[in-house]
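Please examine the sequence and the model shown here before reading the briefing.

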Amino acid sequence: MADKSFFIDTTKCTACRGCQIACKQWNRNPATKTIQRGTHQNPSDLSASTFKLVRFSEVEEPGGELRWYFFPDQCRHCMAPPCKEVADTKVKGAIIQDEATGAVVFNPKVKVKPEDFKEIRSACPYDIPRISGTGIMAKCTMCIDRIKEGMLPACVKTCPTGAMSFGDRKEILEKASGRLEEVKKKYKDAMLANPEDVRTIYLLVDDPKKYHKYAVAENTIGITRKFALRRLLKPLKELSLMG
Ligand code: SF4
Ligand code: SF4
(Lines give C-alpha, C1' and ligand atoms only; values in the text may rest on other atoms or scores of the structure.)
(Ligands and ions follow the chains in the order given, each with its own letter.)
Protein backbone atom coordinates (compact mmCIF):
# COMPACT_ATOMS: atom_id res chain seq x y z
CA MET A 1 0.00 0.00 0.00
CA ALA A 2 1.33 3.42 -0.99
CA ASP A 3 1.88 6.56 1.07
CA LYS A 4 -1.54 8.26 1.48
CA SER A 5 -2.79 11.83 1.83
CA PHE A 6 -5.95 13.90 2.21
CA PHE A 7 -6.76 17.00 0.20
CA ILE A 8 -9.28 19.43 1.74
CA ASP A 9 -10.48 22.10 -0.67
CA THR A 10 -12.06 24.71 1.61
CA THR A 11 -13.53 26.56 -1.42
CA LYS A 12 -15.95 23.63 -1.81
CA CYS A 13 -16.83 23.23 1.88
CA THR A 14 -20.38 24.28 2.83
CA ALA A 15 -19.86 23.44 6.54
CA CYS A 16 -22.61 20.83 6.44
CA ARG A 17 -20.64 18.86 9.10
CA GLY A 18 -21.34 15.53 7.41
CA CYS A 19 -17.65 14.65 7.81
CA GLN A 20 -17.75 15.44 11.53
CA ILE A 21 -20.76 13.18 12.10
CA ALA A 22 -19.37 10.36 9.92
CA CYS A 23 -16.16 10.44 11.98
CA LYS A 24 -18.13 10.15 15.24
CA GLN A 25 -20.23 7.35 13.86
CA TRP A 26 -17.37 5.22 12.46
CA ASN A 27 -15.27 5.61 15.61
CA ARG A 28 -18.31 4.97 17.84
CA ASN A 29 -17.55 8.19 19.70
CA PRO A 30 -20.33 9.49 21.95
CA ALA A 31 -22.08 12.79 21.24
CA THR A 32 -20.77 15.81 23.11
CA LYS A 33 -23.13 17.87 25.26
CA THR A 34 -23.03 21.44 24.01
CA ILE A 35 -24.53 24.83 24.79
CA GLN A 36 -25.59 27.72 22.54
CA ARG A 37 -22.48 29.90 22.26
CA GLY A 38 -23.70 32.16 19.46
CA THR A 39 -21.80 30.26 16.78
CA HIS A 40 -22.56 27.39 14.42
CA GLN A 41 -19.30 25.69 15.46
CA ASN A 42 -20.41 22.85 17.62
CA PRO A 43 -18.88 21.46 19.84
CA SER A 44 -16.47 24.22 20.74
CA ASP A 45 -13.28 22.20 20.24
CA LEU A 46 -11.70 18.87 19.39
CA SER A 47 -11.69 16.32 22.22
CA ALA A 48 -10.88 12.69 22.95
CA SER A 49 -14.31 11.88 21.46
CA THR A 50 -14.36 14.48 18.64
CA PHE A 51 -11.55 13.75 16.18
CA LYS A 52 -12.90 16.01 13.43
CA LEU A 53 -14.37 19.48 13.90
CA VAL A 54 -15.70 21.90 11.31
CA ARG A 55 -14.49 25.28 12.59
CA PHE A 56 -16.57 28.37 11.79
CA SER A 57 -14.92 31.75 11.88
CA GLU A 58 -16.81 35.01 11.26
CA VAL A 59 -14.53 37.81 10.11
CA GLU A 60 -15.42 41.46 9.55
CA GLU A 61 -13.77 42.67 6.34
CA PRO A 62 -12.41 46.26 6.11
CA GLY A 63 -15.62 47.47 4.36
CA GLY A 64 -17.72 46.16 7.26
CA GLU A 65 -18.90 43.09 5.35
CA LEU A 66 -19.04 39.85 7.35
CA ARG A 67 -17.45 36.76 5.89
CA TRP A 68 -17.53 33.12 7.03
CA TYR A 69 -14.50 30.86 6.85
CA PHE A 70 -15.02 27.10 7.21
CA PHE A 71 -12.17 24.85 8.30
CA PRO A 72 -12.74 21.08 8.72
CA ASP A 73 -9.97 20.54 11.30
CA GLN A 74 -8.23 17.20 11.86
CA CYS A 75 -4.80 15.64 12.39
CA ARG A 76 -2.39 16.41 9.50
CA HIS A 77 -0.59 13.02 9.75
CA CYS A 78 2.74 14.86 9.51
CA MET A 79 5.55 13.38 7.39
CA ALA A 80 7.90 13.61 10.44
CA PRO A 81 5.39 13.95 13.31
CA PRO A 82 6.69 16.13 16.18
CA CYS A 83 4.09 14.54 18.53
CA LYS A 84 5.79 11.16 18.00
CA GLU A 85 9.28 12.64 18.42
CA VAL A 86 8.30 13.73 21.93
CA ALA A 87 6.20 10.66 22.78
CA ASP A 88 9.13 8.36 21.90
CA THR A 89 11.21 10.01 24.62
CA LYS A 90 8.39 9.74 27.20
CA VAL A 91 6.19 6.68 26.69
CA LYS A 92 7.46 4.27 24.09
CA GLY A 93 4.76 2.94 21.79
CA ALA A 94 2.22 5.65 22.60
CA ILE A 95 2.32 6.97 19.03
CA ILE A 96 2.88 4.75 16.00
CA GLN A 97 3.44 5.71 12.37
CA ASP A 98 2.18 3.16 9.88
CA GLU A 99 5.00 2.46 7.42
CA ALA A 100 2.79 1.74 4.43
CA THR A 101 0.33 4.64 4.56
CA GLY A 102 2.17 7.14 6.79
CA ALA A 103 -0.84 7.34 9.15
CA VAL A 104 0.09 8.62 12.62
CA VAL A 105 -1.90 6.64 15.18
CA PHE A 106 -2.22 7.13 18.94
CA ASN A 107 -2.10 3.74 20.66
CA PRO A 108 -5.34 3.31 22.66
CA LYS A 109 -3.64 0.69 24.89
CA VAL A 110 -0.97 3.05 26.24
CA LYS A 111 -1.73 5.39 29.14
CA VAL A 112 0.03 8.74 29.20
CA LYS A 113 0.78 10.88 32.29
CA PRO A 114 -0.71 14.41 32.26
CA GLU A 115 2.74 16.07 32.31
CA ASP A 116 3.93 13.96 29.33
CA PHE A 117 0.71 14.68 27.44
CA LYS A 118 1.26 18.41 27.96
CA GLU A 119 4.61 18.17 26.16
CA ILE A 120 3.20 15.98 23.38
CA ARG A 121 0.35 18.40 22.75
CA SER A 122 2.59 21.45 22.75
CA ALA A 123 4.89 19.78 20.19
CA CYS A 124 2.03 19.59 17.67
CA PRO A 125 2.08 22.70 15.45
CA TYR A 126 -1.64 22.21 14.76
CA ASP A 127 -2.83 21.66 18.38
CA ILE A 128 -4.44 18.30 17.63
CA PRO A 129 -3.67 15.79 20.45
CA ARG A 130 -6.34 15.33 23.13
CA ILE A 131 -6.57 12.98 26.14
CA SER A 132 -9.42 11.20 27.90
CA GLY A 133 -10.06 11.26 31.64
CA THR A 134 -8.40 7.83 31.88
CA GLY A 135 -5.12 8.99 30.28
CA ILE A 136 -5.68 7.66 26.75
CA MET A 137 -4.70 10.00 23.91
CA ALA A 138 -6.99 10.25 20.90
CA LYS A 139 -7.32 11.95 17.50
CA CYS A 140 -8.01 11.12 13.82
CA THR A 141 -6.67 7.68 12.86
CA MET A 142 -6.84 8.27 9.07
CA CYS A 143 -9.52 5.54 9.35
CA ILE A 144 -6.65 3.09 9.00
CA ASP A 145 -9.04 0.20 9.68
CA ARG A 146 -11.12 1.25 6.64
CA ILE A 147 -8.29 2.09 4.24
CA LYS A 148 -6.52 -1.26 4.88
CA GLU A 149 -9.77 -2.82 3.57
CA GLY A 150 -9.73 -0.62 0.45
CA MET A 151 -12.38 1.83 1.73
CA LEU A 152 -12.17 5.61 1.91
CA PRO A 153 -11.94 7.34 5.32
CA ALA A 154 -15.48 7.87 6.65
CA CYS A 155 -15.27 11.70 6.37
CA VAL A 156 -14.18 11.60 2.71
CA LYS A 157 -16.81 9.00 1.81
CA THR A 158 -19.51 11.21 3.33
CA CYS A 159 -18.55 14.68 1.97
CA PRO A 160 -21.32 15.62 -0.50
CA THR A 161 -19.52 18.53 -2.21
CA GLY A 162 -16.18 16.99 -3.19
CA ALA A 163 -14.34 19.21 -0.68
CA MET A 164 -12.50 16.16 0.68
CA SER A 165 -10.32 13.76 -1.31
CA PHE A 166 -8.06 10.92 -0.23
CA GLY A 167 -5.64 8.67 -2.09
CA ASP A 168 -2.02 7.97 -3.02
CA ARG A 169 0.11 10.92 -1.96
CA LYS A 170 1.58 11.55 -5.41
CA GLU A 171 -1.87 11.82 -6.98
CA ILE A 172 -3.24 13.94 -4.15
CA LEU A 173 -0.30 16.38 -4.45
CA GLU A 174 -0.95 16.65 -8.20
CA LYS A 175 -4.65 17.23 -7.60
CA ALA A 176 -3.94 19.89 -4.95
CA SER A 177 -1.46 21.80 -7.18
CA GLY A 178 -3.85 21.62 -10.15
CA ARG A 179 -6.72 22.98 -8.09
CA LEU A 180 -4.49 25.70 -6.61
CA GLU A 181 -3.61 26.95 -10.12
CA GLU A 182 -7.31 27.04 -11.01
CA VAL A 183 -8.38 28.85 -7.83
CA LYS A 184 -5.51 31.39 -8.03
CA LYS A 185 -7.20 32.94 -11.09
CA LYS A 186 -9.93 34.21 -8.76
CA TYR A 187 -8.15 34.39 -5.40
CA LYS A 188 -4.58 35.73 -5.67
CA ASP A 189 -3.73 34.75 -2.06
CA ALA A 190 -4.75 31.11 -2.50
CA MET A 191 -2.26 28.65 -1.00
CA LEU A 192 -1.72 25.05 0.07
CA ALA A 193 -1.00 24.71 3.79
CA ASN A 194 2.40 23.03 4.42
CA PRO A 195 2.01 20.49 1.57
CA GLU A 196 5.59 19.16 1.89
CA ASP A 197 5.28 18.46 5.62
CA VAL A 198 1.80 16.98 6.06
CA ARG A 199 -0.58 14.35 4.74
CA THR A 200 -3.70 16.50 5.24
CA ILE A 201 -3.30 19.30 2.73
CA TYR A 202 -5.69 22.27 2.92
CA LEU A 203 -6.39 24.70 0.09
CA LEU A 204 -7.03 28.15 1.58
CA VAL A 205 -7.85 31.34 -0.33
CA ASP A 206 -7.15 33.98 2.31
CA ASP A 207 -4.98 34.65 5.36
CA PRO A 208 -4.79 31.27 7.19
CA LYS A 209 -5.36 32.98 10.55
CA LYS A 210 -8.87 33.94 9.38
CA TYR A 211 -9.73 30.22 9.18
CA HIS A 212 -8.12 29.03 12.39
CA LYS A 213 -5.22 29.99 14.66
CA TYR A 214 -3.46 26.69 13.88
CA ALA A 215 -4.44 26.32 10.20
CA VAL A 216 -0.81 26.58 9.08
CA ALA A 217 2.43 25.77 10.88
CA GLU A 218 5.22 28.25 10.47
CA ASN A 219 7.96 25.63 10.21
CA THR A 220 7.26 21.98 11.05
CA ILE A 221 10.70 20.87 9.85
CA GLY A 222 12.27 23.33 12.28
CA ILE A 223 10.24 21.85 15.13
CA THR A 224 11.30 18.31 14.19
CA ARG A 225 14.93 19.43 14.05
CA LYS A 226 14.62 20.98 17.51
CA PHE A 227 13.60 17.60 18.97
CA ALA A 228 16.29 15.75 17.00
CA LEU A 229 18.87 18.18 18.41
CA ARG A 230 17.50 17.76 21.94
CA ARG A 231 17.86 13.97 21.58
CA LEU A 232 21.41 14.37 20.29
CA LEU A 233 22.40 16.62 23.18
CA LYS A 234 20.84 14.42 25.88
CA PRO A 235 23.75 11.90 26.14
CA LEU A 236 26.24 14.81 26.31
CA LYS A 237 24.26 16.36 29.18
CA GLU A 238 24.19 13.01 30.98
CA LEU A 239 28.00 12.69 30.53
CA SER A 240 28.63 16.15 31.99
CA LEU A 241 26.41 15.29 34.99
CA MET A 242 28.44 12.10 35.57
CA GLY A 243 31.71 14.06 35.43
S1 SF4 B 1 -0.87 17.08 13.29
FE2 SF4 B 1 -0.14 17.00 15.38
S3 SF4 B 1 -1.03 15.10 16.21
FE4 SF4 B 1 -1.17 15.00 13.98
S5 SF4 B 1 0.72 13.90 13.33
FE6 SF4 B 1 1.16 16.11 13.21
S7 SF4 B 1 2.08 16.55 15.21
FE8 SF4 B 1 1.01 14.60 15.43
S1 SF4 C 1 -18.67 16.99 4.68
FE2 SF4 C 1 -17.52 18.19 3.14
S3 SF4 C 1 -18.78 20.02 2.78
FE4 SF4 C 1 -19.54 19.08 4.69
S5 SF4 C 1 -18.37 20.12 6.33
FE6 SF4 C 1 -17.20 18.29 5.82
S7 SF4 C 1 -15.70 18.96 4.26
FE8 SF4 C 1 -17.29 20.57 4.40
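The briefing covers a sheet, the nonpolar cores, the cavities and the surroundings of a ligand.

This is a predicted model, in which local features need pLDDT of at least 70, side-chain atom pairs count only at pLDDT 80 or more, and totals for chains, interfaces and linings use all residues. Residues are numbered from 1 along each chain as its sequence is written, chains are lettered from A and ligands numbered from 1 in the order in which they are written, and side-chain values use heavy atoms, with hydrogens and water left out.

**The sheet**

- An open sheet of mixed pairing is formed by 4 strands in the order β8-β1-β10-β9; strands are DSSP runs (E, at least two residues) numbered from the N terminus, and two of them pair if DSSP finds at least two bridges between them.
- The edge strands, each pairing on one side only, are β8 (164-168) and β9 (191-192).
- β1 and β8 run antiparallel and are joined by 5 bridges, with lysine 4 opposite aspartate 168 in β8.
- β1 pairs with β10 in the parallel sense over 4 bridges, and phenylalanine 7 has isoleucine 201 in β10 as its bridge partner.
- β9 and β10 (residues 200-204) run antiparallel and are joined by 2 bridges; methionine 191 stands opposite leucine 204 in β10.

**Burial and nonpolar cores**

- Strand β1 (residues 4-9) is largely enclosed by the rest of the structure, because 6 of its 6 residues are buried (under 20% relative accessible area, with a 1.4 Å probe and protein chains only).
- Lys4, Phe6 and Ile8 point one way from β1, whereas Ser5, Phe7 and Asp9 point the other way.
- In soluble globular proteins, nonpolar side chains tend to be buried together.
- The largest nonpolar core (a set of buried Ala, Val, Leu, Ile, Met, Phe, Trp, Tyr and Cys residues joined through side-chain atoms within 4.5 Å) has 51 residues, and Phe6, Tyr126, Met164, Leu192, Leu204 and Tyr211 have the most contacts inside it.
- A second, separate core of 14 residues includes Val86, Ala87, Ile95 and Val110.

**Surroundings of ligand 2**

- Around ligand 2 there are 14 residues (each with a heavy atom within 4 Å of it), of which Cys13, Cys16, Arg17, Cys19 and Cys159 come nearest.
- This shell around ligand 2 divides into 10 nonpolar, 3 polar and 1 charged residues; Ala, Val, Leu, Ile, Met, Phe, Trp, Tyr, Cys and Pro count as nonpolar, Asp, Glu, Lys and Arg as charged, and the others, Gly among them, as polar.

Technical notes: Buried means under 20% relative accessible area, exposed over 50%, partly exposed in between (1.4 Å probe, protein chains only).
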